[in-house]
Amino acid sequence: MIKMNSIDKIFRTEEIETVALNSIDFHVAKGEFVAIMGPSGCGKSTLMNILGLLDNPCGGSYQLKSQEVSKLKERERTKHRIGKIGFVFQNFNLIDDLTVEENVDLPLEYLSISRSERKRLVAEVLTRMNIAHRAKHFPKQLSGGQQQRVAIARAVVSSPDLILADEPTGNLDSKNGQEVMSLLTELHKEGTTVVMVTHSDRDVSYADRVVHILDGKVVVEKFKEV
Ligand code: ADP
Ligand code: MG
């Protein structure tokens with residue numbers, strides 16, 4: 001599913017140059033659940049953004065489903081992303097002046113499906129995420145755990161086969177974090193490939209493999225003991 005080889009990412013401003021990813025190799029098989037760990041600033045979010053085609057690397061090769069995607073223009077990246085990759089972020093990233101159902105409907109706007117089918121898909125995923133009773137509410141009226149469930153609903157409404165979650169439990173208490181992990185695990189069991197950044201040993205215990213990153217490179221990889 002994912003084959004990254006020698007990926008570099010350097011952020012340059014007039015005065016400083018930050019090497020965020022240093023010739024990193026990162027591979028994920030279809031259907032795998034991979035957890036990424038590492039200290040703050042080691043390049044985890046940079047890696048996730050490139051994985052999710054939100055940004056391009058400076059060098060190296062990235063094959064997503066056997067297609068080279070490391071040098072796509074922004075418009076082509078968007079085309080590759082829509083309906084195929086779902087994102088979940090630490091700070092939920094919901095749009096405050098849209099209701100819950102409008103937030104979840106957003107990814108469907110880009111796909112050519114009918115209004116009635118969109119309505120059905122949104123209602124279905126909100127029920128599944130146990131948040132249908134808040135469909136007409138605005139994000140600020142919800143708790144953190146509820147907001148993250150809406151964000152997961154938005155990420156999965158178009159049935160992507162890859163979910164990228166950057167510290168999805170980072171802003172949640174233990175109970176809500178546990179619930180988010182149960183939802184991600186359920187999606188994984190249904191065949192979705194999941195790549196998740198976390199600092200929590202509990203979260204890692206759900207993954208097939210954990211990859212430790214330091215200074216923009218993979219330093220340790222461990223498979224789950226079965
Ligand atoms: P992590 O998610 O592991 O905490 P990041 O991937 O966000 O780390 O950042 C890696 C390094 O790249 C950090 O030193 C960070 O300051 C730098 N960085 C990230 N994004 C940018 C950016 N847009 N411009 C400049 N530097 C950045
Ligand atoms: Mg980060």
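Colleague: Which residues are around ligand 1, and what makes a residue count as near?

Modeller: This is a predicted model. Around ligand 1 are Phe-11, Thr-18, Ala-20, Pro-39, Ser-40, Gly-41, Cys-42, Gly-43, Lys-44, Ser-45 and Thr-46. Each counts because one of its heavy atoms lies within 4 Å of the ligand.

Colleague: What makes the Thr-46 pair a polar contact?

Modeller: The cut-off is 3.5 Å between N or O atoms. A polar side-chain atom of Thr-46 lies 2.6 Å from an oxygen atom of ligand 1, so the pair qualifies. In Lys-44, a side-chain N or O atom is 2.8 Å from a ligand oxygen. Gly-43 uses a polar backbone atom, at 3.1 Å. Both pairs are therefore polar contacts too.

Colleague: How much of ligand 1 does the protein cover?

Modeller: 59% of the 560 Å² of accessible area that ligand 1 has on its own.

Colleague: Which element supplies the largest share of the shell around ligand 1?

Modeller: Helix H1 (44-51) does, with 3 residues. Strand E2 (17-28) supplies at least two. By type, the shell holds 4 nonpolar, 6 polar and 1 charged residue.

Colleague: Now the sheet. Why are E6 and E10 at the edges?

Modeller: The open sheet has 6 strands, in the order E6-E7-E8-E3-E9-E10, with mixed pairing. E6 (85-89) and E10 (217-223) each have a single partner strand, so one side of each lacks a neighbour in the sheet. The twist averages 15 degrees from one strand to the next.

Colleague: How do you know that E6 and E7 pair?

Modeller: Pairing needs at least two bridges. E6 and E7 (162-166) have 5, so they pair; they run parallel. One bridge joins Phe-89 to Asp-166 in E7.

Notes
Residues numbered from 1 in each chain as written. Chains lettered and ligands numbered in written order. Predicted model: local features only at pLDDT ≥ 70, side-chain atom pairs only at ≥ 80, totals over all residues. Heavy atoms only, no water. Helix = DSSP H or I, 4+ residues; strand = E, 2+ residues; numbered from the N terminus. Axes fitted to C-alpha atoms, helices over the stretch in contact; angles between N-to-C directions. Polar contact = N/O pair within 3.5 Å; in protein donor to acceptor, adjacent residues only side chain to side chain. Areas by Shrake-Rupley, 256 points an atom, 1.4 Å probe, with all protein chains shown as cover. Nonpolar A, V, L, I, M, F, W, Y, C, P; charged D, E, K, R; others polar.
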